[in-house]
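Here is an informal walk through one protein model, written for someone who would rather look at residues than at statistics. Keep the viewer open and follow along.

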Amino acid sequence: MPTTSARLLRLLSLLQARRDWPGALLAERLDISPRTVRRDVDRLRELGYPIVAFKGPDGGYRLDAGAELPPLLFDDEQAVALAIALQIATTTGAGIEEAAARALTTVRQVMPARLRSRIDALQVTAVERPAPRPGPQVDSGVLMTLSAAVHAREVLRFDYTATSPPAAGLAAPPRRTQPHHLVTWGGRWYLLAWDLDREDWRTFRADRIVPRVPTGPRFTPRELPGGDVAAFVAARFRGSDGSDGSGDWPCRGEVILGLPAATVLRHTHEGIVEELGPDRCRLILGSWSWHGLAATIGRYDADIEVVGPPELKDAFAHLARRYAKAATDTLPPYQPRAGNEPPMPRP
């Protein structure tokens, strides 16, 4: 027979593993009588765990939500997963870096030595893609407000700092939206919502949102085009309206490059590369515009044969004229500035 304290910890672990536990099943798993189960449940209640009893043919117990967070138990896999998640929390942009660091310290202190050594051996260094300026941080309170409005299906009003300022003397009116999803993309947080004034789907950067309270009336959620949130958001950021739900680029073309397929594949993340010979390959690639696609393919620095469509060939012709003009235009010779003279103007 295990000690009372060990039995209580085992009972608490079982109650955390699933929502409802029939009393008879708990007694069987713990190898004790139903009466002892009742006594142990009362002991856990005295320690602050909100355990409720439910009636029925299989009456039993449930670990409910309380006013405060009681101590929790984690198995080895859960503890390691929690520690890893806290280490990479600094890359979320959710403004929780300091809280995550304190939580990681707390978790590590109570870990058994065998788990603490595993965590200490796994030091994660997050390396972000170089950006012209640091990524914006979102107030965690704003994220909670947006998430609550999404969950409650309540109209959300907020002030929004757009990229282009309003006309002089005019204040931007608050946006009125039906919030549907809170998503992350490229290290930033976005609110996907139906804009009531523009009558269209919009994605709003969360770091530019200042919520207004109280929230508005409840609404019945609209059906998202395509039904897939990830595909819809990906399509919007690729320049498509996302109505078909595919999330594909609006412009997709096919070319043959004078390079080995292995060389092209190393620098192609979303395209399709097919080997045609030792120094030739077929490349199918997408972009937000035909000119953007042509410029991207030109970066491979190889002979190019356009398979299609005609819009891609026209884009290459347009860029060729533009580049030829840039190569022939002459600029006045560079002259170093003396003292505080302003830079020489160029045509």
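Let's start at a proline: P309 sits in the loop between β12 (304-308) and α11. The peptide bond joining G308 and P309 is cis, with omega at about 0 degrees. Bear in mind as you look around that this is a predicted model.

There is another cis bond to find, running from V213 to P214, with omega near 0 degrees. P214 also belongs to a loop, the one between β8 (209-212) and α8 (229-237).

**Backbone oddities**

While we are in the loops, have a look at some residues with positive phi. R153 has phi near 55 degrees and is not a glycine. You will find R153 in the loop between α7 (140-152) and β4. D301 is not a glycine either, and its phi is positive at about 55 degrees. The loop that holds D301 runs between α10 and β12.

Are these two side by side in how open they are? Here is how they compare with two aromatic residues that come up below.

| Residue | Relative accessible area | Class |
|---|---|---|
| R153 | 42% | partly exposed |
| D301 | 70% | exposed |
| Y160 | 17% | buried |
| F204 | 2% | buried |**The aromatic cluster**

How many aromatic pairs does a search of the whole structure find? The count is 5. In one of them, the ring centres of F158 and F204 are 5.1 Å apart and the planes stand at 80 degrees, so this pair is edge-to-face. F158 belongs to strand β4 (residues 156-160) and F204 to strand β7 (residues 200-205), so the pair ties together parts 46 residues apart in sequence. F158 and F204 are both buried.

F204 also pairs with Y160: here the centres are 5.2 Å apart and the planes are at 80 degrees, so this pair is edge-to-face too. Again distant parts of the chain are linked, with Y160 in strand β4 and F204 in strand β7, 44 residues apart. Put together, F158, Y160 and F204 make up one aromatic cluster.

Now follow β7 to its partner. Strand β6 (residues 188-195) pairs with β7 in the antiparallel sense, over 6 bridges. Within that pairing, L191 stands opposite F204. The two strands form a hairpin with 4 residues between them, and E199 in the turn has a positive phi of about 55 degrees.

**The sheet at the start of the chain**

Next, move to the open sheet of 3 strands, ordered β1-β3-β2 with antiparallel pairing. β1 (20-22) and β2 (51-54) are the edge strands, each with a single partner, so one side of each has no neighbour in the sheet. On average, neighbouring strands here are turned by 30 degrees against each other, direction ignored. β1 is joined to strand β3 (residues 60-63) by 3 bridges, and P22 stands opposite G60 of β3.

Helices pack here as well. Helix α1 (residues 4-17) touches β1, β2 and β3, and its direction makes about 80 degrees with that of β3. Helix α3 (residues 34-46) lies across β2 and β3, running at about 145 degrees to β2.

If you want one residue to click on in this region, try R62, which is in strand β3. Its side chain makes a polar contact of 2.6 Å with the side chain of D20. Leaving out residues up to four places away in sequence, R62 touches R19, D20, P50, I51, V52 and F54.

**The nonpolar cores**

Which residues touch the most other members of the largest nonpolar core? In this set of 17 residues, they are V255, L257, V264, L283, I297 and L312. At least two core residues come from each of β9 (251-257), α9 (261-266), β11 (280-287), α10 (290-298) and α11 (310-328). The biggest contribution is from α11, with 4 residues.

V264 is a good place to zoom in. Not counting residues up to four places away in sequence, V264 touches L257, L259, V273, C281, L283 and Y300. Apart from this core lies another one, of 16 residues, including L11, W21, L26 and V41.

Conventions. Residues numbered from 1 in each chain as written. Heavy atoms only, no water. Pairing = 2+ DSSP bridges. Axes fitted to C-alpha atoms, helices over the stretch in contact; angles between N-to-C directions. Contact = heavy atoms within 4.5 Å. Phe/Tyr/Trp six-rings, centres within 6.5 Å; stacked < 30°, edge-to-face > 60°. Buried < 20%, exposed > 50% of the residue type's maximum accessible area, 1.4 Å probe, protein only. Core = buried A, V, L, I, M, F, W, Y, C linked by side-chain atoms within 4.5 Å. Polar contact = N/O pair within 3.5 Å; in protein donor to acceptor, adjacent residues only side chain to side chain.
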